[in-house]
Amino acid sequence: GPGVGTDAARLLTTFAFRERRLHRVYARVRADNEASARIWEKLGYRHEATHREAVFHEGGHVDLELYAALAEER
C-alpha cells in the first residue's frame, strides 16, 4: 500500500548496480503475488520466465515468476 516494498526494492537495485557493480539482478515472485510482481515491473525489471511448481507453499507446489534487470538497461 504505502510503497515501502517499492522503496526497498529500489534501494536494493541501486546498491546492487552502483555499489556492487553487478551486471544482472533478479527477483523471484510467487505467481499468485501480483503486488510483488508489479513492484519489479515498476522498477524496469523484465519478466523472463515462469518456473512451474518451483516451491512448496501452504500445502502445495506453486509457480515462481522470474524478473531481471541488467546494469546496461539502467
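Which residues of H2 are buried? They are Ala37, Ile39 and Trp40, and they make a handy way into this predicted model. The protein chain has two helices and three strands, and from the N terminus on the elements run α-β-α-β-β. Here's a quick tour, starting with the whole chain and then going helix by helix.

**The chain as a whole**

- Picture the C-alpha atoms of the protein chain in a box of roughly 40 × 30 × 15 Å, taken along the principal axes.
- The protein chain has 74 residues, and 27% of them count as buried.
- Take the contacts in the protein chain with a separation of 6 or more: residues 24 or more positions apart account for 58% of them.
- About 5400 Å² of the protein chain is exposed, and carbon and sulfur atoms supply 46% of that area.
- On the charge side, the protein chain carries 12 positive and 12 negative side chains. The centres of those two sets lie 7 Å apart.

**Helix H1**

- H1 covers residues 4–19, which makes 16 residues. From its first C-alpha to its last, H1 reaches 21 Å, close to the 22 Å expected at 1.5 Å a residue.
- The buried residues of H1 are Thr6, Ala9, Thr13, Ala16 and Phe17. They sit on the same side of H1 because they cover an arc of only 100 degrees around the axis.
- There's a general rule behind patterns like this: an α-helix has 3.6 residues a turn, so residues three or four places apart point the same way.
- Flip to the other side of H1 and you'll find Val4, Leu11, Arg18 and Glu19 exposed.
- What lies over the buried residues of H1? The cover includes strand S1 (24–30), helix H2 (34–42) and strand S3 (60–70).

**Two buried residues of H1 up close**

- Thr6 is part of helix H1, and it counts as buried because its relative accessibility is 9%, with the cut-off for buried at under 20%.
- Leaving out residues up to four places away in sequence, Thr6 touches Ile39, Lys42 and Leu43.
- Ala9 also has its place in helix H1, and it is buried with a relative accessible area of 5%.
- Setting aside neighbours within four places in sequence, Ala9 is in contact with Ile39, Trp40 and Leu43.
- Ala9 and Ala27 are 18 residues apart in sequence, and their C-alpha atoms are 9.6 Å apart in space.

**Helix H2**

- Back to the opening trio of Ala37, Ile39 and Trp40, the buried residues of H2. They fall on the same side of H2 because they cover an arc of only 150 degrees around the axis.
- On the other side of H2, Glu34 and Lys42 are exposed.
- H1, S1 and S3 are among what covers the buried residues of H2.
- After H2 comes Gly44, with a positive phi near 90 degrees.

**Tyr67 in strand S3**

- Buried or exposed: which is Tyr67? Tyr67, which lies in strand S3, is buried, with a relative accessible area of 5%.
- Tyr67 has a long list of contacts once neighbours within four places in sequence are set aside: Val25, Tyr26, Ala27, Val29, Ala37, Trp40, Glu41, Tyr45, Arg46 and His47.
- Tyr67 and Glu48 are 19 residues apart along the chain, yet 5.7 Å separates their C-alpha atoms.

**Positive phi away from glycine**

- Some background first: most residues other than glycine have a negative phi.
- Arg21 goes the other way, with a positive phi near 55 degrees in a residue other than glycine. Arg21 follows H1 and has its place in the loop between H1 and S1.
- Arg21 counts as exposed because its relative accessibility is 71%, where exposed means over 50%.
- Glu53 is another case, with a positive phi of about 45 degrees although it is not a glycine.
- Where does Glu53 lie? It is in strand S2, residues 46–57, and it is exposed, with a relative accessible area of 53%.

Technical notes:
Residues numbered from 1 in each chain as written. Predicted model: local features only at pLDDT ≥ 70, side-chain atom pairs only at ≥ 80, totals over all residues. Heavy atoms only, no water. Helix = DSSP H or I, 4+ residues; strand = E, 2+ residues; numbered from the N terminus. Expected span 1.5 Å × (residues − 1). Buried < 20%, exposed > 50% of the residue type's maximum accessible area, 1.4 Å probe, protein only. Arc of directions from axis to C-beta. Contact = heavy atoms within 4.5 Å. Areas by Shrake-Rupley, 256 points an atom, 1.4 Å probe, with all protein chains shown as cover. Lys, Arg positive; Asp, Glu negative; His and termini not counted. Charge placed at Lys NZ, Arg CZ, Asp CG, Glu CD.
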